[in-house]
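Reader: I would like to go through this structure feature by feature, taking the general idea first and then the particular case.

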Amino acid sequence: MSNPAAVPAPPATDPSFTPPSLGRRFGALVIDWVLCLMVSNFFADPLRDGWAPVLVLVAEYGFFLGLFAQTPGMWITRIRCLSWVDGGRVGLIRALLRGLLLALVVPALLMDGHRRGLHDRLTGSVIADAPRAA
């Protein structure tokens with residue numbers, strides 16, 4: 001017999017879903033942005049070449065969200081990016097698209113009641129709490 005508490009309901013069908021605070025999301029983004037500035041410094045001058053850290057951010061989101069559902073900043077702030085419909089990973093393509101849309105900034109400011117920005121709605125994703133193993 002399966003334990004329904006062991007597998008959480010997908011966010012789209014979970015009436016008790018509560019998104020993480022905007023502070024945690026913003027904290028994760030700041031951490032990721034600092035990392036992107038540091039990485040882009042290896043191949044460009046981030047102060048002169050503004051495209052470099054943005055390119056690294058899109059690549060970081062594609063890689064980390066696509067494979068692990070968390071960027072390093074999200075891991076530190078204990079949040080993750082999941083598929084809105086099934087609660088699984090969003091995959092590489094949707095993660096890259098989400099990163100690209102996030103780089104445009106404006107979509108992130110247009111949120112719904114679940115704090116899903118336009119970039120989340122267009123890619124079928126949502127930010128959720130990330131439980132830690134005990």
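Reader: Is V34 buried or exposed, or something in between?

Author: Burial is read from relative accessible area, where under 20% is buried, over 50% is exposed and the range in between is partly exposed, with a 1.4 Å probe and protein chains only. At 41% relative accessibility, V34 counts as partly exposed, and V34 lies in helix 1, which runs over residues 22-40; helices here are DSSP runs of H or I with at least four residues, strands are runs of E with at least two, and both are numbered from the N terminus. This is a predicted model, in which local features need pLDDT of at least 70 and side-chain atom pairs count only at pLDDT 80 or more, whereas totals for chains, interfaces and linings use all residues. Residues are numbered from 1 along each chain as its sequence is written, and side-chain values use heavy atoms, with hydrogens and water left out.

Reader: Which residues make the nonpolar surface patch?

Author: Patch members have over 30% relative accessible area and no salt bridge, with like charges joined within 9 Å and nonpolar side chains (Val, Leu, Ile, Met, Phe, Trp, Tyr) within 5 Å; areas come from the Shrake-Rupley method with a 1.4 Å probe, and for residues only the protein chains shown count as cover. Here V34 is joined by F26, V30, L35 and M38 in a nonpolar surface patch of about 450 Å².

Reader: What do A28 and S40, both placed in helix 1, look like in terms of burial and contacts?

Author: A28 is buried, with a relative accessible area of 3%, and, leaving aside residues up to four places away in sequence, A28 touches G73, M74, T77 and I79, contact meaning heavy atoms within 4.5 Å. S40 is buried as well, at 0% relative accessibility, and, with the same neighbours in sequence left out, S40 touches P46, A52, P53 and V56.

Reader: How many salt bridges are there, and which side chain meets R24 in one of them?

Author: Side chains of opposite charge can pair when their charged atoms come close. The rule used is a side-chain nitrogen of Lys or Arg within 4 Å of a carboxyl oxygen of Asp or Glu, and by this rule the count comes to 4 salt bridges. In one of them the side chains of R24 and D129 meet at 2.9 Å, N to O. R24 lies in helix 1 and D129 in strand 2 (residues 125-129), so this pair ties together parts that are 105 residues apart in sequence. R24 is partly exposed at 28%, and D129 is partly exposed at 37%.

Reader: Which residue does D120 meet in a salt bridge, and are the two buried or exposed?

Author: D120 and R25 meet through their side chains at 3.1 Å, N to O. D120 lies in helix 6 (residues 118-123) and R25 in helix 1, so the pair ties together parts that are 95 residues apart in sequence. D120 and R25 are buried, and R25, R98 and D120 are linked in a network of salt bridges. In a further salt bridge, the side chains of R48 and D49 meet at 2.9 Å, N to O; R48 is exposed at 62%, whereas D49 counts as buried at 14%.

Reader: How does the span of helix 2 agree with its number of residues?

Author: The expected span is 1.5 Å times one less than the number of residues. The 18 residues of helix 2 should therefore span 26 Å, and the end C-alpha atoms are 25 Å apart, which agrees. The buried residues of helix 2, including V56, L57, Y61 and L65, pack against helix 1, helix 3, strand 1 (79-83) and helix 4 (91-103).

Reader: What follows helix 2, and where is Q70 placed?

Author: Most residues other than glycine have a negative phi. Helix 2 is followed by A69, whose phi is positive, near 70°, and A69 is buried at 7%. Q70 is in the loop between helix 2 (51-68) and helix 3 (72-77) and is buried at 15%. The Q70 side chain reaches the backbone oxygen of I79 at 2.9 Å, a polar contact being a pair of N or O atoms within 3.5 Å in which, within protein, one can donate a hydrogen and the other accept it, and residues adjacent in sequence count only if both atoms are side-chain atoms. Among the residues that Q70 touches are F64, W75, A130 and R132.
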